[in-house]
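Here is a short report on a two-chain model. Look over the sequence and the fold before reading on.

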Amino acid sequence: MNPETALPNLLLAALLLPLLSFAVISIGYSVPQYLGIRTQYATQKYAAYIAIGAIVTGFVLSAYALFAVWLPTHPLEVAAHHAAHNNGPPTYVTGDWYLLGQFGKLTLSIGYYIDTLTVTMFCMVTLIASCIHIYAFGYMHDELHEYTDHEVTLDDGQHLHRRGRFHRFFQYFSLFSFSMLGICVSGNLAMTFVFWELVGICSYFLIGFYIERQSASTAANKAFIVNRIGDFGMLIGLMAIWSTLGTFNFGDMQDAQGNVVSHGIFSQLHDANHHYNLAPTDSMIAFEARDEVAAAVIAAPDNPVAAMNEVARKLRADKAHPWGHWLLFVAGVGIFCGCVGKSAQFPLHTWLPDAMEGPTPVSALVHSATMVAAGVFLVGRVYPIFTPEALLVIATTGCITLFLAATIAITAVDIKRVLAYSTISQLGFMMLALGLGGWLAGLFHLITHAFFKSLLFLCSGSVIHAVHTNDMREMGGLRKKMPITAYTMLIGCLAIAGVGVPFLAGFSGFHSKDLIVEQALSHWNANAAKTGFAWLFFVVPLATAGITAFYMFRLWYMTFAGEPRDHHRYDHAHESPQVMTGPLVVLAVFAVCAGWSFPSWAPGALANFGIANLLEQARPVGTLATTSGVLFPDLTIPSEHIAHAPEMFRTIKVPAGLAAITAALLGILLATVVYLWKSISAESLARTLRPLYTLSWHKWWFDELYDFVFVRPTLAIGALVAVVLDRGLIDGIIHALAAIGKGLAVIVSVVGDRFIIDNGVDKLAAETWNVGLALRAVQTGRLRQYVMFIVVGTVVLFLIASVWRYAVAG
Amino acid sequence: MNVLILANLFDRFDLTQPVGVSHYLIVGAVLFVCGALCMATKRNALGILMGIELVLNGANLNFIAFGSPYLRSDANTLGLDGQLMSLFVIVLAAAEAAVALAIALNFYNSFSTIDVDRADQLQG
């Protein structure tokens, strides 16, 4: 099958199916309910069947696109032995499905840009979303009858009773999947931004699913507003790119003959003349040097375009001033701002733990495959526009985030919050990897993390479903009651800790985390001589890897091992139904082996098949060269292939691999000592490290800080404006206008209405009455008199007419 | 002034001329005046009905006269329209007579008389 035509159609079908499901459920269930028609609970189940059917079919289509369309024509190679090691653009298919509009130079379209990253993301998102959909069918069964919300107390002291809203959950789930798939397949930044906002609004709906709970509606608002802050930066980045490059398209648009009709962002910034390395375009240089260009155009008014190009050519040779690089830096950091919001990076990470207010399947979807993955995915997608300085910003943000979140997770006692902070921390790992030049490492970790994090969340949901609490201090010993949940979660913990046999194989997280640590070491090697801080990017993630292992096993031991702490809850606990454990087992399989690759002698499309090798085919243009900063010349971003080049085996791979596994094992060992064997008491440890414990327990006071610095001043300004401007000025003017209007109305009422109109009408009525009385006398009832009237009248009329005719008119 | 009008009238209705439309009109006018007088003077409801018939037939005679091709030139005649109109009037008169007789009969049943001067219940 021809990938050029088959891929867009298959992925379009996979993209639109969840939208169709959303539409059907809206029209079939939500609209009638809005109109006051109550659907039966028995029929609400079909909403789930529709949504599950749509997403599973989407997965089948995506897998077909990968295995039957892409792989037969694009055989895989081992990532480490990328034959050409060329710096050029990857193979991709791009085009427009639908042109929304054209406004001068600005073209807005629904387009596609499909490479292996897109196809892999499609398979991953639809697979995980399918598992979570099926799991949610079991988890949300409370919503299939009248629901009593024990967390909402009404004024009369009763708990809130409401109708179940099973269908609404699946309605938004479908829309959520659609939005995420839209980001993955999007062919231009404008379309990405649209779906980006769709993801945001879906997360708002789902986090606020229990909208009657104060905490849930606040959390939904917080997630939405914090994301808006990031999106503001993203808009700046979009404007910087569009105003200088004149296009939003990622790839080069071709006509039917295969000629390039318009160059996309990537090929404009990385053209073959500069060996595919990042170079600002003439338009960017001309934009930054508008004064010089204006002077040149005034000097040579006959040919302004030539004058402008001349200036750009001259300035490009000017090595003393990095023309155009600041603009590129702003564009890159701007777009990264959007990703900071979506992927909950420092300093916008505060929304994600609060988002735990949604039902657990929502947390699983938001934190693995969709919302937060969108930020990392976008950084990976627009990777060619990032200058080394912008990458440094990304790496620093990631580094701060991963450490910060991991320290908070140590003391959290809410099982979902531990996982939430671990998500932030793992997203920090991905951003760090991307920022250090490890494009493959970052996105590989995105995929593996999606599998084990969705697994961990679904397991925690299973536990919450069994014991009806989030607090780990009331759990313990659940291993015996719910073995499937316990051991699948253990697999998830081992995967996130990155356990494996060095240089051989391990859980999925082992492979991706190894790549990150290797790239960090390679980065340190490249920068050690010139900059003093590069070691931080290696040591901090390494330490955090240990902390990660520690808090994940703390979670597992507190929940599943030891003796039950709350016997009442323990006695009521039970293993979840198969509809929930089934997805756990599927995801556990992927959490184990998502990092593995098939050998090169495997048959057919499976030869060398593995996520890393697959992603390698989508490696962005310009990432296989070691580059240096222009604004900050001491910074070097090493090529990702240096880390696993055979000659670097001893200097990078061995120390990085050993350090990573040692850190993980130390973390697990410490957790075992403290929480399983209890050789060291956790309480005494907390007492000894009181300041650190307090810092972690209060989440570094970020919420309090933002409350004090942003929220309260905003509210105060709002209150001031309300009192002075609204109530004082605007209300005053409006009240005065109203008083004047009222006075005028009184005058019109008395003079106009009562005097003139009322008097006139009364007079008319009285006269009509009088005339009627007068005429009454004529109506005698005597027939002969009437005839006489007729005769006399006729004669009089005849005489009048005659006189008129013969005397007056002549 | 009055003399002038009268002279004019006699000019128009010169009875010495051969029989023409004017003669018919005069007969019709006489019939009409007779009918009107009958309606105005009779107290008997049947008498009044007869007066109405005279009035209607006076009008009919005018239609016939205006419609006759023997009395007027082709340019001025109403043609068959005149005859149709008078047929129409006859039909109307018949219908009206039926209704009026029914009223008279009912009136008689109620008051044992058909004196129209007694029928003044509808006075204002």
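Which residues does A:Y276 touch, not counting residues up to four places away in sequence? A:Y276 touches A:N87, A:G88, A:H270, A:V621 and A:G622. Contact here means that the C-beta atoms of two residues, placed from the backbone, lie within 7 Å.

This is a predicted model, in which local features need pLDDT of at least 70 and side-chain atom pairs count only at pLDDT 80 or more, while totals for chains, interfaces and linings use all residues. Residues are numbered from 1 along each chain as its sequence is written, and chains are lettered from A and ligands numbered from 1 in the order in which they are written.

**Two buried sites in chain A**

A:Y276 sits in the loop between α7 (265–269) and α8 (282–288) of chain A. Helices (H or I, at least four residues) and strands (E, at least two) are DSSP runs, numbered from the N terminus. A:Y276 has 23 other C-beta atoms within 10 Å, so it is buried. The cut-offs are 20 or more other C-beta atoms within 10 Å of a residue's own for buried, 12 or fewer for exposed, and partly exposed in between, with C-beta atoms placed from the backbone. A:Y276 and A:L624 are 348 residues apart in sequence, yet their C-alpha atoms are 9.6 Å apart in space.

A:T116 belongs to helix α3 (residues 116–139) of chain A. A:T116 is buried, because 23 other C-beta atoms lie within 10 Å. Leaving out residues up to four places away in sequence, A:T116 touches A:W70, A:L614, A:L615, A:Q617 and A:A618. From A:T116 to A:G104 the sequence separation is twelve residues, and the C-alpha to C-alpha distance is 33 Å.

**Hairpins**

A:G104 leads to the hairpin of β1(A) and β2(A), where A:G104 lies in the turn. Two strands pair if DSSP finds at least two bridges between them. The table sets out two antiparallel pairs.

| Strands | Bridges | Residues between strands | Turn residue and phi |
|---|---|---|---|
| β1 (residues 93–103) and β2 (residues 106–114) of chain A | nine bridges | two residues | A:G104, positive, about 60 degrees |
| β3 (residues 147–153) and β4 (residues 159–162) of chain A | four bridges | five residues | A:G157, positive, about 85 degrees |

Within these hairpins, A:D96 stands opposite A:G111 in β2(A). A:D149 stands opposite A:L160 in β4(A). In a regular strand the side chains alternate between the two faces of the sheet.

**Chain A overall**

Chain A has 28 helices and ten strands. Its C-alpha trace spans about 135 × 85 × 60 Å along the principal axes. The radius of gyration is 36 Å, whereas a compact globule of 810 residues would have one near 28 Å. That radius is taken over C-alpha atoms, and the globule rule is 2.2 Å times the number of residues to the power 0.38. Of the 810 residues, 49% are buried. Among contacts between residues at least 6 apart in sequence, 78% join residues at least 24 apart.

Helix α5 (residues 189–207) of chain A has 19 residues, and 15 of them are buried, so α5(A) is largely enclosed by the rest of the structure. At 1.5 Å a residue, α5(A) should span 27 Å, which agrees with the 26 Å between its end C-alpha atoms. The expected span is 1.5 Å times one less than the number of residues.

**Chain B and the interface**

Chain B has four helices and zero strands. In chain B, 14% of the 124 residues are buried. Among contacts in chain B between residues at least 6 apart, 45% join residues at least 24 apart.

Where the chains meet, 13 residues of chain A are in contact with 16 residues of chain B. Helix α28 (residues 783–808) of chain A gives the largest share of the chain A side, eight residues. That side divides into six nonpolar, four polar and three charged residues. Ala, Val, Leu, Ile, Met, Phe, Trp, Tyr, Cys and Pro count as nonpolar, Asp, Glu, Lys and Arg as charged, and the others, Gly among them, as polar.

**Confidence**

pLDDT is the predictor's confidence in each residue, from 0 to 100. Chain A averages 86, with 98% of residues scoring at least 70. Chain B has a mean of 84, and 85% of its residues reach 70 or more. Among the elements of chain B, helix α1 (residues 2–12) has the lowest mean, 62, and helix α4 (residues 80–111) the highest, 92. The model scores ipTM 0.79 and pTM 0.77.
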